[in-house]
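This report describes a structure for a reader working at the bench. It proceeds from the overall model to single residues.

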Amino acid sequence: MSNAPLTRLIFDSLWKNNPALVQLLGLCPLLAVSTSTVNALSLASATLFVLLVSNASILLIRNVIPDTIRLPITIMLISAAVSVTELLMQAHRYQLYKTLGIFLPLITVNGVILIQADAVARKKAPLAALYHGLIIGVGFGAVLVLLGAIRELLGTGALFTDMHLLFGAGTETWRWQVLKVDYPLLVATLPPGAFLVTGCLIALKNQIDTNIERRSKLG
Amino acid sequence: MSFFKLSLFEIARKLRLSPVQRDVLLAALPGTIVMTGYFGPGTLVNILLGGLVALACGYAVAALRARDAIAASRDLSALITSTLLCIALPPYAPWWLILLGVLSSELLGKQVFGGQGYHPFNPAMVGYAILLISFPAQMSAWPSPRGLAEVPSFADTIRHLIAPGTIDAVTAATPLDLLRQNTGLLFEELLLQSPELTRWAGVGWFEVNLAFLLGGLFLLRRQIFSWHAPIAMLAAITLCALIGYDAGSSASGGSVIFHLFSGATMFAAFFIITDPFCCAKSKKGKIIFGSLIGFLVYLIRVSGDYPDAFAFAVLIVNFCTPFIDYCTKPKAVNT
């Protein structure tokens, strides 16, 4: 894996072993926060940030971590990174900080980050480990944002509502009323909708894989 | 009478309904007729539309899964599910509500799990729950029963289906709504104030439930299902209502008769919770299954956010069914 070309790695993390759709890691924030694009995008970037910061700090000190207490140290580094993110958000994006609520501190126990920190950052070459972390984080975030967009579209008929919460004043106009419906499918923004849409996404991915496989067999 | 019966059986044979499906549809007939009598032809139109959607949906899914679509369309179980769902939906619901309901019950409730016989949750109730949390306004718009308001004609109903809003069906609070929203009135005062309420249950509701009870007894006699689950459910509701009733104060939960004969009690007892694939397997399991549903229904009715609760109660207990089955597995007899 460590010597695999970059494109292969990208395909592997974004599609074949996608942390959200295939490994089903970090499902709790994935399901709870993906009610709108802006929430999903915020949590995705926060997760990516934590992933990179914790990876980098482990890379720096990995030679001096005693093997027996590596997990507590890893968790502490991750939670330090989470605290930084949380404080930054509290200072600059207070509204989002309130919306994301408990799911911001819960990034600490996101399985994707722990695996990255424990299995990849400790063993791989520094640059490769950072690449890997970045791509895995993007793979997780992509699904999160896609899920948020689908749920927002089904549940409200619009896309990119309240983007100013993340990108600052002036971006309110990004809101795009795709469908003009009197009665949107409210269930999509409620918890059951998260499971339903995620299930459909996983099914869609499997179907595409099956089709590709069938075609390659024929061809 | 015998001619009528014969011709119904004849129709069922022509439609290639299995005996069980035929009996279930037959048993739902009296309840549907009484509902049509009290609330107008809305329910009938719902059932017809829902049936068409269900058949088309079954055909499409069979084609998608590369099964023999003709053979799959012979399985009319989709028709049963859609009929049960449409009986539960409010009459004169907009067409898209029925479409969405039948599609979600067929696709999300049944087909994603592998089709008829593999569904862990009652498909009709999956569709109902999705509609209820998505469109609460449309789902609680029950028309006033005959006698209190004008009931739309059949032609009006069809016209309403094509262009929603062409009839102003007078919606009224159902008896369960009235009781739930009541904050300060004694039951006697509430009775005087609201014409929809009667001493038994509500205008129309009592008779509808009675008709479904009749249909259920017919199914019991035909041995379509055992008595355990429905009787346990009714017993649990009776017990809870007995405990919660204090002869009609404002905080009272309604009398036993009121709970047994209002809302969807009898319909759910004999047509919904008896689904052979989602019900617990053993006799003891069925009793636990039924009484859990009854208990939950009473709880949600009296202190929940929704007036009637069968969809949620049935779905919640369906989650527990594997566990109930595990705990009540009959011991293998060592011979």
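What pLDDT does chain B average? Chain B averages a pLDDT of 82, and 89% of its residues score at least 70. The structure is a predicted model, with an ipTM of 0.71 and a pTM of 0.82.

**Overall architecture of chain B**

The secondary structure of chain B consists of 17 helices and zero strands. Chain B has 335 residues, of which 50% are buried. Of the contacts in chain B between residues at least 6 apart in sequence, 72% join residues at least 24 apart.

The domain assignment divides chain B into domain 1, residues 1-172, and domain 2, residues 173-335. Between them, 30 residues of domain 1 of chain B are in contact with 30 residues of domain 2 of chain B. On the domain 1 side, α2, α5 (77-88) and α7 (123-134) of chain B each supply at least two residues. The largest share of that side comes from α2(B), with eleven residues. By class, the side of domain 1 of chain B that touches domain 2 of chain B has 24 nonpolar, five polar and one charged residues.

**Packing of helices α2 and α3 in chain B**

Helix α2 of chain B, which supplies eleven residues to the domain contact, also packs against another helix. Helix α2 (residues 19-39) and helix α3 (residues 42-64) of chain B pack at an angle of about 130 degrees, and their axes are 7 Å apart. Angles over 115 and up to 145 degrees count as oblique; α2(B) and α3(B) are therefore oblique to each other. On the α2(B) side the contact is formed by B:Thr32, B:Met35, B:Thr36 and B:Phe39, which meet B:Gly42, B:Thr43, B:Leu44 and B:Ile47 in α3(B). By class, this contact has four nonpolar, four polar and no charged residues.

**Contact between the chains**

The contact takes six residues from chain A and five residues from chain B. On the side of chain A that touches chain B, the residues comprise six nonpolar, no polar and no charged ones.

**Individual residues**

Four residues are set out below by their surroundings.

| Residue | Exposure | Other C-beta atoms within 10 Å |
|---|---|---|
| A:Ile75 | partly exposed | 17 |
| B:Phe113 | partly exposed | 15 |
| B:Tyr92 | buried | 25 |
| B:Gln223 | exposed | 9 |

A:Ile75 lies in helix α4 (residues 70-92) of chain A. A:Ile75 and A:Val109 are 34 residues apart in sequence, while their C-alpha atoms are 8.1 Å apart in space.

B:Phe113 is placed in the loop between α6 (95-107) and α7 of chain B. Not counting residues up to four places away in sequence, B:Phe113 touches B:Tyr118, B:His119 and B:Pro120.

Which value does phi take in B:Tyr92? Phi of B:Tyr92 is near 65 degrees, a positive value in a residue other than glycine. B:Tyr92 sits in the loop between α5 and α6 of chain B. Is B:Tyr92 buried or exposed? With 25 other C-beta atoms within 10 Å, and a cut-off of 20 or more for burial, B:Tyr92 is therefore buried.

B:Gln223 likewise has a positive phi in a residue other than glycine, near 55 degrees. B:Gln223 lies in the loop between α12 (205-221) and α13 (228-244) of chain B. A residue counts as exposed if 12 or fewer other C-beta atoms lie within 10 Å of its own; B:Gln223, with 9, is therefore exposed.

Methods:
Residues numbered from 1 in each chain as written. Chains lettered and ligands numbered in written order. Predicted model: local features only at pLDDT ≥ 70, side-chain atom pairs only at ≥ 80, totals over all residues. Axes fitted to C-alpha atoms, helices over the stretch in contact; angles between N-to-C directions. Helix = DSSP H or I, 4+ residues; strand = E, 2+ residues; numbered from the N terminus. Parallel < 35°, antiparallel > 145°, perpendicular 65-115°, else oblique. Contact = placed C-beta atoms within 7 Å. Nonpolar A, V, L, I, M, F, W, Y, C, P; charged D, E, K, R; others polar. pLDDT = per-residue confidence, 0-100. Domains from an automatic or database assignment.
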